[in-house]
Amino acid sequence: MEDRIWLLPREGQFYKANLHCHTVLSDGERTPEEIKEMYQKRGYSVVAYTDHRRYEWHEHLMDTAFIPLAAYEVNIDGETPPSGDKSRRKTYHINLYDENPCAGQEEKRASILPEHRYADIKYINEYLKHMREMGFFACYNHPYWSMQTIEDYRDLTEVWAMEIYNHGCELDGMYGYNPQSYDEMLRTGNRLFCVATDDNHNPAPPEDPFSDSFGGFTMIKARELTYPAVVEALLKGNFYASMGPEIRELFVEKDRLVVRTSPVEKIFVVTEGRRCHRKMAGPGETLTEAVFELTGTEGYVRVDARDSRGLHANSNAYFL
């Protein structure tokens, strides 16, 4: 209908994606080919191969049902504490996704790496800006695992998105879900998207409780399953992040926000302030739709839907 503003596009199809993945080319336990087979069996259409400090485009894995995104993960480490305990060292981990891997391959294969100038935020933003000019867009990863606070990441200005959920980090120490960090970034003026990822290294088989695959994913609404269409959808924010639940429709109609989901227990709308719009199912019940009257004072809205397993689906933030 003409009076609807579709926050998730009405047209197109959802494709399931893991946007953070490691293979034997860095510190993962599976080959790129094995990763494709594992993820395709579980309904994934897109995997970004983000091996540490090594750019690769596994073009040979691409077909009509699978898109391997060219990417890599860089790190900018702080000083190791006097104790020598590197697990307490602050660090930035950032995924760089290649918008067009057909261009500038020779320079990209050099895997341009940042210097370890942790305290120099101006340098970090300049590095990310340079990489954007080369055709990469950046995702800021797992702030809790990185031992960071808002003072460390609030001034990142050249990131397209950040991880709201990282499944590997959740298994490491139950610190994979970071909605507060996302809101902190939004409330300090950063307009960026949020993704959920696996960050899988696969030390355990898929059926093991400690398997770090298939726990965090991003549902991309694209016009078709091609590399350009997937990248276009990502850059426009046409996706949502999830651990399990689905956000099937999201639109504004006559000052009302309409949310349609898979069966969940709670649908909350987080805003720039502390007030939330809320709808909850009764004991033993579920809901699949919620309609919220917007006051115009929200600043931004983002949907957080939680199911009976305690798993969340998060939309991007929308400044209405």
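**Notes on a predicted model: strands, rings, charges and cysteines**

1. A convenient place to begin is the residue pair in which L257 stands opposite F292 in β15. The model in which this pair is seen is a predicted one, and the points below should be read with that in mind. Strand β12, which covers residues 256-264, is joined to β15 by 6 bridges, and the two strands run antiparallel.

2. Strands β12 and β15 belong to an open sheet of 4 strands, whose order is β1-β11-β12-β15 and whose pairing is antiparallel. The edges of the sheet are taken by β1 (4-6) and β15 (287-293), and because each of these has a single partner strand, one side of each is left without a neighbour in the sheet. On average, and with direction ignored, neighbouring strands of this sheet are turned by 25° against each other.

3. Turning to the aromatic side chains, the structure holds 21 aromatic pairs. In one of them, the rings of W57 and Y227 have centres 6.1 Å apart and planes at 75°, so this pair is edge-to-face. The pair links distant parts of the chain, since W57 lies in the loop between β3 (44-49) and β4 (67-77) while Y227 lies in helix α7 (residues 227-236), with their positions 170 residues apart. Are these two residues buried or exposed? Both W57 and Y227 are buried.

4. Another edge-to-face pair is made by F193 and F239, so classed because the ring centres are 5.7 Å apart and the planes stand at 80°. Here too distant parts of the chain are linked: F193 is in strand β8 (residues 193-197) and F239 is in strand β10 (residues 239-242), 46 residues apart. F239 has a relative accessibility of 0% and therefore counts as buried. The two phenylalanines are also members of a wider group, for Y97, F137, W160, F193 and F239 form one aromatic cluster.

5. Aromatic rings also meet charged side chains in this model. The charged end of R191 sits over the ring of F319, at 3.9 Å from the ring centre. In a second case, the charged end of K221 sits over the ring of F14, and the distance to the ring centre is 4.7 Å.

6. Side chains of opposite charge can pair when their charged atoms come close. For this structure the count comes to 21 salt bridges. One of them joins R89 to D77, with the closest N and O atoms 3.6 Å apart. This pair links parts of the chain that are classed as distant, R89 being in the loop between β4 and β5 (91-98) and D77 in strand β4, 12 residues apart. The two partners differ in exposure: R89 is partly exposed, with a relative accessible area of 22%, whereas D77 counts as buried at 14% relative accessibility.

7. A further salt bridge is formed where the side chains of D152 and K90 meet, at 3.0 Å from N to O. It likewise links distant parts of the chain, with D152 in helix α4 (residues 150-153) and K90 in the loop between β4 and β5, 62 residues apart. At 11% relative accessibility D152 counts as buried, while K90 is partly exposed, its relative accessible area being 31%.

8. The salt bridge between E246 and R248 has its closest N and O atoms 2.8 Å apart. In this pair E246 counts as partly exposed at 35% relative accessibility, and R248 counts as partly exposed at 44%. Elsewhere, salt bridges are joined into a network, which links R223, E224, E232 and K236.

9. The last point concerns the cysteines. How many disulfides does the model contain? The count comes to 0 disulfides. C21, for example, is in no disulfide, and the nearest cysteine sulfur, which belongs to C139, is 14 Å away; a disulfide would need the two sulfur atoms to lie within 2.5 Å. C21 has 0% relative accessibility and so counts as buried. C102, by contrast, counts as exposed, because its relative accessibility is 61%.

Notes. Residues numbered from 1 in each chain as written. Predicted model: local features only at pLDDT ≥ 70, side-chain atom pairs only at ≥ 80, totals over all residues. Heavy atoms only, no water. Phe/Tyr/Trp six-rings, centres within 6.5 Å; stacked < 30°, edge-to-face > 60°. Buried < 20%, exposed > 50% of the residue type's maximum accessible area, 1.4 Å probe, protein only. Lys NZ or Arg CZ within 6 Å of the ring centre and 35° of its normal. Salt bridge = Lys/Arg side-chain N within 4 Å of Asp/Glu carboxyl O. Pairing = 2+ DSSP bridges. Axes fitted to C-alpha atoms, helices over the stretch in contact; angles between N-to-C directions.
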